[in-house]
Every structure is written in structure tokens, then in C-alpha cells.
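Here's a quick briefing on how the strands pair up and where the nonpolar side chains gather. Take a look at the sequence and the model, then read on.

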Amino acid sequence: MPSLTQAVIALCRRIQPANSPDYFPVKPGLGSKQVECFVNVRQKVEVEGGRMQFGWAVWQCSQYYLEAEHHAVYEPPSGPPWVDITPPLLATIDRILFLPDDNAVFDFNAGQLRDNIRMPLLDDARVQEFCDLSSERTLILNSVPGFGEVRLSGHRARRIEYIETRRAALLAELQRAHERKVGRNDPCPCGTGKKYKKCHGAA
């Protein structure tokens, strides 16, 4: 999870200046599925009451860029604090940084994803290319109706395959180009204020 650096605060203000991000626990609900946060919360509200809170889960991808993902958390009938009931992709994640945004509703009829909002942290064309390819990936997935996993074929499947391969190559290039330039006792480029060896350079 990212620290509340000036870069994180700037991204959140750009998205929703009226609210501030905060950390909330991740407690996967029984039967909840990865990625399906809107469906998970809707089902829990139908069974137990409470309500769905829309907003953005904020992540930091190494020292390269920040990313805000359209997300929903659960508010119990008794009220806050909110809980993220959607299983994380990494089992070690036990909390998220969440920015509430009542304007960021999810259209269950259309079922389309909002593109993640990304902010490069490095002045490197490869970071921008990675972000652009990620946005194109969302556009392609939105071109196929349905929730969750969708089936792609033809040129769309080939383009997605290229995007995934190219994104992996860009991340590898960025790691080779930047991480070796940072001294172990230098401040970490991600902006936490910690030494690199204590942050992204930790073994």
C-alpha cells in the first residue's frame, strides 16, 4: 500500500478534491470473488443490509507510477468504518488505501469498467507508454459485454496478447534502467522518505 506522500495526495485531489483517502481493512466475504467488488458488495447489501460505497483503491506500482482503481467497499447497517470484502490478488494485502467518491458509481446495466487513473512518478517515456497501453486494454475489455472474465477472439485477443507482452517488457526495461541507478542509502524514488534499501530496494 502506498504511503500518503505528496504524490498520492495530489492524485487523490485530482480525482475527488472534496474527500481524503484513508486505510480500510480487507476482510473477504464468504463467496466473494476477486476483481468483482461491485457484485460482491451488492450481494452482501442484499443479504445483510448496509450500503455500497463507491470510490477508488489507490496503489503504487514500484517507483514508476500511481494508480487509482474504480472500487467499492461495504458499509455495515451500523455505519462506518467501511470494509473491503473483495479478495485481494495478493494474499498478503490486509488493507487498502481508499478514496470515497459518490460520483464514481458503477452502471450494472452497462457492466463497463472505468479506466484506472494513473500518474507517472518518473519522467520516462516508457512509463507513459505503459499507462497508455493499460488504458487501451480497458477499452478493448469494455468492447465485450459481460461482467468479470470475458472471452476475446480475433484481432482483440491478439492485441491484448501484445499489450500484456509489451507491458511486461516495459516493466523489465524500467527496472534495469532505474533501480540500479539508485544507491542503497539514497532516498527511495517512490517518495516515502525512506532509504532505498529500506523500501523498494529491500531484499
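Strand E2 (residues 51-61) and strand E3 run antiparallel, joined by 11 bridges. Keep in mind that this is a predicted model. E3 spans residues 65-75, and 10 of its 11 residues are buried, so the strand is largely enclosed by the rest of the structure.

**E2 and E3**
- To get your bearings on this pairing, start at Gln53, whose bridge partner in E3 is Val73.
- The hairpin of E2 and E3 has three residues between the strands, and Ser62 there takes a positive phi near 50°.

**E3 and E5**
- E3 also pairs with strand E5 (residues 117-120), again in the antiparallel sense, over four bridges.
- Here Tyr65 has Pro120 as its bridge partner in E5.

**Nonpolar cores**
- As a rule, nonpolar side chains in soluble globular proteins tend to be buried together.
- In this model, the largest nonpolar core has 13 residues, and Val8, Leu11, Ile15, Trp56, Val58, Ala68 and Ile117 have the most contacts inside it.
- Two or more residues apiece come from helix H1 (6-15), E2, E3, strand E4 (95-100) and E5.
- H1 is the top contributor to this core, giving four residues.
- Another core, of 11 residues, lies apart from that one, and its members include Tyr64, Val127, Phe130 and Leu170.

**Worth checking on screen**
- Which strands does E3 pair with? On one side of the story there's E2, through 11 bridges, and there's also E5, through four.

How values were computed:
Residues are numbered from 1 along each chain as its sequence is written. This is a predicted model: local features need pLDDT of at least 70, side-chain atom pairs count only at pLDDT 80 or more; totals for chains, interfaces and linings use all residues. Side-chain values use heavy atoms; hydrogens and water are left out. Buried means under 20% relative accessible area, exposed over 50%, partly exposed in between (1.4 Å probe, protein chains only). Two strands pair if DSSP finds at least two bridges between them. A nonpolar core is a set of buried Ala, Val, Leu, Ile, Met, Phe, Trp, Tyr and Cys residues joined through side-chain atoms within 4.5 Å.
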